[in-house]
Amino acid sequence: MFQKANTQFETLGYAKAIELYESALKKTKGATDDEIVKAKINLALSYKLVKDYANAERAFRDVLSANPILKGDDIKAYRHFAQVLSSNGKYPEANIYWQKFNELQEQDKRGVEFIKLNSNREALERNAGSYKIEYVGINSSSADFSPVYYKKGLVFVSGRSANSAIRRVFNWDASSFLDLFYLDDLKALGTDNGGASAIGSSSQSAAKTPSTSKKLGNDYYTPPTANDTKTVGRKGNEYITGSKDLDYEENPTIPTEKFSKSINSKYHEGPCAFFHDGSKIVFTRNSQSGGGGIFGKKNNAAINRLKLYIAEYEDNDWRKIKEIPFNSNDYSCGHPTLTIDDKIMYFVSDMPGGYGGTDIWMTRYNNGQWTKPQNLGGTVNTRGNEMFPFIDERGNLYFSSDGHPGLGDLDIFFIPMNTATAMPSGKVRNIGAPLNSNKDDFGIITDSERQTGFISSNRKRGGTDDDIYKFTRLGTLYGCRELVVNIYDNETKKPFDRIRFEYEIKGNTSSRESAITSNLGTIKLCLEADNDFNFLVKQNGYQPETVNFSNKEASDYESSKLDIYLKKEIIVVDKNKKNKVVETQKEADVLVSRRNGNAVSTIFRGIVTAGKDSTPIAGVLIKFTNQCTGVTQEMTTGADGSYEFKRELNCDYILESFKENFGKSTELVAKVEEKRSIINIFRKKTPVINTGSLFDTKLYKVGDVVKLDNIYYDSESYKIRKDAARELEKLVLTMQKNPNMIIEIRSHTDTRGNALDNLSLSQRRANEVVDFLAQKGVAKNRMRGVGKGESEPVNGCGDGMQCTEAEHQRNRRTEFKILSIERK
């Protein structure tokens, strides 16, 4: 029953296989359960391979929701489904299937890295504003991709028919066969080659003509919406989304022509590369009929392999076309790119000796001879597919991969290369959004600083509707990488409760910034990528500390950690006076310094931070009013949120903080009594929590959701633990300082047990917090308790996941949300 469909699947005729599987699965009488499961998996995989991810998701969900017992290669269905879900923008669910894939096999562990990235996709989207992406007018309704510079223009790959009366169809997905096309002048796109070396021409572009490129909106790298056309490439299979009637046409607005009759044959011609004097071309071709031109290690005579060819330009045409000697009928080679001196070629192959899927290889060109190919190794190549390499003028390598963690399907990656060995010399980096999206992104060409260039992507409609996009960098080349800074007492190993420090790019004092840790002595920063930094910490009673840190080798999507330990100041004993004199920091470096006779500073300093995440707030109006004289000093905080006033020690002051859209903060700064301890400067009705050497003010705005640190519960309990009670005392202080604030207390459970029971338990926990605050004097009409149950876990510990007790405890947490701040 499934034999014909299986034959098409094995010979890579996926468009026809889809049709046969869909028909056969409607009449399964006489088929075994194993045959049906296998057919459904092959159907889902066929949809994935023709890049119809909507149908692929439907088909995978159909077979995997029945929880079949998968063995052998069928286990890969979980990986394929995870990749499809990522391409459809469903990252949390993708992690569930990555986890299942990880648990069922030992060899392929790429899912571990994908889970990390899917949990922090923001890391690859932070620098999206640095690039402008434009859709160019050479695109058609067929596939258009992999441009390369040639003379003053571009040569690119396209499936358009170029007015041919005969439409040739490719068995893989029923799409048109590919040829090379030529745009003779980049000025037609309103651009030049961005400083890249012109191929085969010494002349430079003249003045730019008005751009005919179409600038996209802000959603050019987001998943499709209800307003987006759900059509894919130019295909002809009724089962493939949007292809039956070829239901969209898109004609180029900029004319192009077929590149060369001698190179373009009646079958596939794919990505190419030119020698930099324009004398030779290396191009990808499949010159036979059949399954046609596909990377894949299947030993099947019906599958024809991609091969690399070289040709020379003589007498106004490309002649002497011949195969590169390491081609084979047993594997494919394609996607060439050449270094600027034409001595090294990088290309893609699934030849033996690789890491799985397709790999990137290199060969040297000496006196007209190609050396034996060498694999670029496990830094670049994975068990997935690496393809579409491009080498820039400085020898940096770009390539696309679905094996390295990315935003979905193929993403573009970057790695520096050693120009002497032609091998990797650094860490692979995902270049992030918007150059990457949750669709296929590949075929980049650019200059050595990535100032401008072109990419290929099917982000517009999905499927095989690949298009060429121009990009221009407007901001920084790199984004930022996260660093968690923890500051501890070196002797007790306990964290400091809110401490201010400074940091700067090494050798650039103008880049100096300041920050303040949380009450647990920690803070998360996002530092400019690929830099070295100095961290400077000065704390009263401790030795100043300077620590170096580099994020050049740091992960793009996992936070690095920097622990700083402060040592107590050295105590020197003056034997003549028989008392101890403590060596202190300079008075200008600390909030308050001790002097003989217990005198204190007349300078009062502090920092205003956001109650939501403890980041400093600029533009806050601070008023400091002397209660003895009624005189008010005013200032506005800068970027570090800090302020500074002169004070009379024998007078009380009122400290007020104002910022639009934030709540007002009013606090009493008490006068300093004679012989009074410095840590008791601030008179409070409730016990004072140590806030370090600065007086800190928190401001909140409507909508802030603030996690309460250490508000955890024992499993299946709603009673507040002692450690939680200490943290709730701080919330009491916050409510007292902000008497016009109304909040919602949110309680969450872990995901174990019955969902309805967890919802009830979380409501009891939220009510318990409300009761606690009410007992401390906070009016109940200012609070509302809401139980969230297990619906919003902060990690991947979903139903059925194996997690540690510590991971489950993270989900048993309490937050408060600012519902309103009444203005009075």
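**View 1. Gln107 in the predicted model, an exposed residue.** Gln107 has a relative accessible area of 58% and therefore counts as exposed (over 50%; buried is under 20% and partly exposed lies in between, with a 1.4 Å probe and protein chains only). The loop between H6 and H7 holds Gln107. Between the C-alpha atoms of Gln107 and Arg383 the separation is 9.5 Å, with the two positions 276 residues apart along the chain. This is a predicted model, in which local features need pLDDT of at least 70 and side-chain atom pairs count only at pLDDT 80 or more, while totals for chains, interfaces and linings use all residues. Residues are numbered from 1 along each chain as its sequence is written, and side-chain values use heavy atoms, without hydrogens and water.

**View 2. Crossing of helices H6 and H7.** The axes of H6 (residues 91–104) and H7 (residues 110–118) come within 9 Å and cross at roughly 160° (axes are lines fitted to C-alpha atoms over the stretch in contact, with angles from 0 to 180 degrees between N-to-C directions). H6 is therefore roughly antiparallel to H7 (over 145 degrees). To the contact (heavy atoms within 4.5 Å), H6 contributes Tyr91, Ala94, Asn95, Trp98, Gln99 and Asn102, and H7 contributes Arg110, Gly111, Val112, Phe114, Ile115 and Asn118.

**View 3. Buried residues of helix H2.** In H2 (residues 14–24; helices are DSSP runs, H or I, of at least four residues, numbered from the N terminus), the buried residues are Tyr14, Ala15, Ala17, Ile18, Tyr21, Glu22 and Ala24. Their cover includes H1 (3–10), H3 (33–49) and H4 (53–64).

Key: Helix = DSSP H or I, 4+ residues; strand = E, 2+ residues; numbered from the N terminus. Parallel < 35°, antiparallel > 145°, perpendicular 65-115°, else oblique.
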